Every structure is written in structure tokens, then in C-alpha cells.
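Open the model in your viewer and keep the sequence beside it. The stops below are meant to be selected in order.

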Amino acid sequence: MANALSPETIAIVKSTAPALKQHGLAITQRMYERLFVDEAIKGLFDQASQESGEQPKRLAAAILAYAENVDKLTVLGPAIARMAARHVETGIRPEHYPAVAEALLPAIKDVLGDAVDETILAAWGAAYWLLADVLIAEEAKRYAEAG
């Protein structure tokens, strides 16, 4: 997997790992609150895993792993493959990714407050879209294979 992030962006994202370790679950819970105002998107998600708290925990762990390994995406290959497979199973499409970005980035700010500035949000925006592009490409292959 190619890495198209600048060294500065990588350094910023990696520097947020301690905050994500401490507040990642709160961030993902807030992200889902923001995301699920759209009932159509909410319907794509397993609500039982939302209510049990398992999905927000899994996503928080995935975001932390991404922050820690943003400079070595090949380490995340198996996790990316699992996410792409799950996305295809649930009907996630490229057009859903902007809504997630629009929920995740403000959720980071909501939870971390003044500890997050526009530079950090821009770095996370770039990192999000890099990963989204990787997932979208993997999902496209899987959709094509499934017919």
C-alpha cells in the first residue's frame, strides 16, 4: 500500500495516539451519534453491536492502530482486508465515506476540545481520506468479484 501522506502529517497523526488511547471510545461514540442522525446510514450498521458498545470499541481500537501505524500501512493489511469484507457484506459504498468524515473529524474536536487545532484536524482529514481510498479500492475489487 502506498503512503501519500507528508512526513509532517504522519508525525501529527502519530502524536495523537496517546489521546486516542485515552479518549478513543468517547470519540467513536460521539462519531456514531453524529453519523446516525442520517437514518439511511444508521440502517447500514448492526445496531446490536452499537448498543452493546462493541462496534465503538472496535472502531476506537482500529483508529488507534491506524494512528500508531500510519507510516507503515502494510502492517494494517489484514485489518484493512477484514474491514473491507465487512463493508461489502453490509453494503457500504464510496458515497458513504464523506458522511463518516463529517462525523469523525468534528467528534475528535468535540471530545478533545482545545487540545485539537485546525492543523491536527487537517492531518486527520488527510489520513482519513488516504485510508478511505485504500478501503474503497479494496471494496471495489470485492464487489467486482461478487458480481
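The tour goes to one helix, then to its packing partner, and ends at a single residue.

This is a predicted model, in which local features need pLDDT of at least 70, side-chain atom pairs count only at pLDDT 80 or more, and totals for chains, interfaces and linings use all residues. Residues are numbered from 1 along each chain as its sequence is written, and side-chain values use heavy atoms, with hydrogens and water left out.

Select residues 97–112. This is helix H7, with 16 residues (helices are DSSP runs of H or I, at least four residues, numbered from the N terminus). From first C-alpha to last, H7 reaches 22 Å, close to the 22 Å expected at 1.5 Å a residue (1.5 Å times one less than the number of residues). Glycine 113 follows H7 and has a positive phi, near 55 degrees.

Now colour the buried residues of H7, among them Tyr97, Leu104 and Ile108 (buried means under 20% relative accessible area, with a 1.4 Å probe and protein chains only). Their cover includes helices H2 (17–35), H5 (54–69), H6 (77–90) and H8 (118–146).

Add H8. The two helices, H7 and H8, pack at an angle of about 150 degrees, their axes 11 Å apart (axes are lines fitted to C-alpha atoms over the stretch in contact, and angles run from 0 to 180 degrees between N-to-C directions). H7 and H8 are therefore roughly antiparallel (angles over 145 degrees).

Finally, select glutamine 50, in helix H4 (residues 47–51). Is glutamine 50 buried or exposed? Glutamine 50 is buried, with a relative accessible area of 12%.

Methods
Buried < 20%, exposed > 50% of the residue type's maximum accessible area, 1.4 Å probe, protein only. Contact = heavy atoms within 4.5 Å. Parallel < 35°, antiparallel > 145°, perpendicular 65-115°, else oblique.
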